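Hello,

Here is the structure I promised to pass on to you. My notes follow right after it.

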Amino acid sequence: MIVRVLVLVALTLIAVGIAYLLRRRRPDPPSAPSYRAPTQLDRSDFVEPETPILLVVFASKTCDSCAGVWDLIETVERPDTVVERVFVEDDPDRHRRYRIDGVPTTLVVDPHGVVQHSFFGPLTSEDLRLALPH
């Protein structure tokens, strides 16, 4: 009987020790967001679908970097390029349709709706210059 009690106590101590060690184990670091841009847009979903280049910014009204990106995008004045901003608060369906899961997401789209360049987060004037066709 005493042997059984000692074995039971020993097994209990081992189980407690293992549980303690498992609780102290560090959790895996959080993974980085895996934003993916759509590869194709339906140009009829956007303003002036016949304009050769569409420069669209998917944004949020509460996003500071979205405002900075828009300030840059707004400076584009080319006859072959139309710019549009799509706020998630005003048009959640378009955000869902194109699976936009992070803002700002900036897309450069050709006349066929093919996304030629995509940017997540802040954008530089050099990024924009290189992304637009010459």
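A word on terms before the first contact: I call a pair of N or O atoms within 3.5 Å a polar contact; within protein, one must be able to donate a hydrogen and the other to accept it, and residues adjacent in sequence count only if both atoms are side-chain atoms. One such contact, of 2.7 Å, links the side chains of Ser44 and Asp42.

Please keep in mind that this is a predicted model, where local features need pLDDT of at least 70, side-chain atom pairs count only at pLDDT 80 or more, and totals for chains, interfaces and linings use all residues. Numbering runs from 1 along each chain as its sequence is written, and side-chain values use heavy atoms, with hydrogens and water left out.

Staying with Ser44, you will find this residue in the loop between helix H1 (2-24) and strand E1 (53-59). Helices (H or I, at least four residues) and strands (E, at least two) are DSSP runs, numbered from the N terminus. Ser44 counts as exposed because its relative accessibility is 53%; the cut-offs are over 50% for exposed, under 20% for buried and in between for partly exposed (1.4 Å probe, protein chains only). Gly113 is 69 residues away along the chain, yet its C-alpha atom is 9.1 Å from that of Ser44.

Now the whole chain. It has 4 helices and 4 strands, in the order α-β-α-β-α-β-β-α. The radius of gyration is 26 Å, whereas a compact globule of 134 residues would have one near 14 Å; this value is taken over C-alpha atoms, and the globule rule is 2.2 Å times the number of residues to the power 0.38. Along the principal axes, the C-alpha atoms fill a box of roughly 95 × 30 × 25 Å. Of the 134 residues, 34% are buried.

As for the interior, the largest nonpolar core holds 18 residues, and Leu55, Val57, Ile73, Val108, Leu123, Leu128 and Leu132 have the most contacts inside it. Two or more residues each come from E1, helix H2 (64-73) and helix H4 (125-131), with H2 giving the largest share, 5 residues. Apart from this core lies another, of 12 residues, including Leu41, Phe46, Tyr98 and Val115. By nonpolar core I mean a set of buried Ala, Val, Leu, Ile, Met, Phe, Trp, Tyr and Cys residues joined through side-chain atoms within 4.5 Å.

Leaving out residues up to four places away in sequence, Val108 touches (heavy atoms within 4.5 Å) several residues, among them Ile53, Val114, His117 and Ala131.

Best wishes
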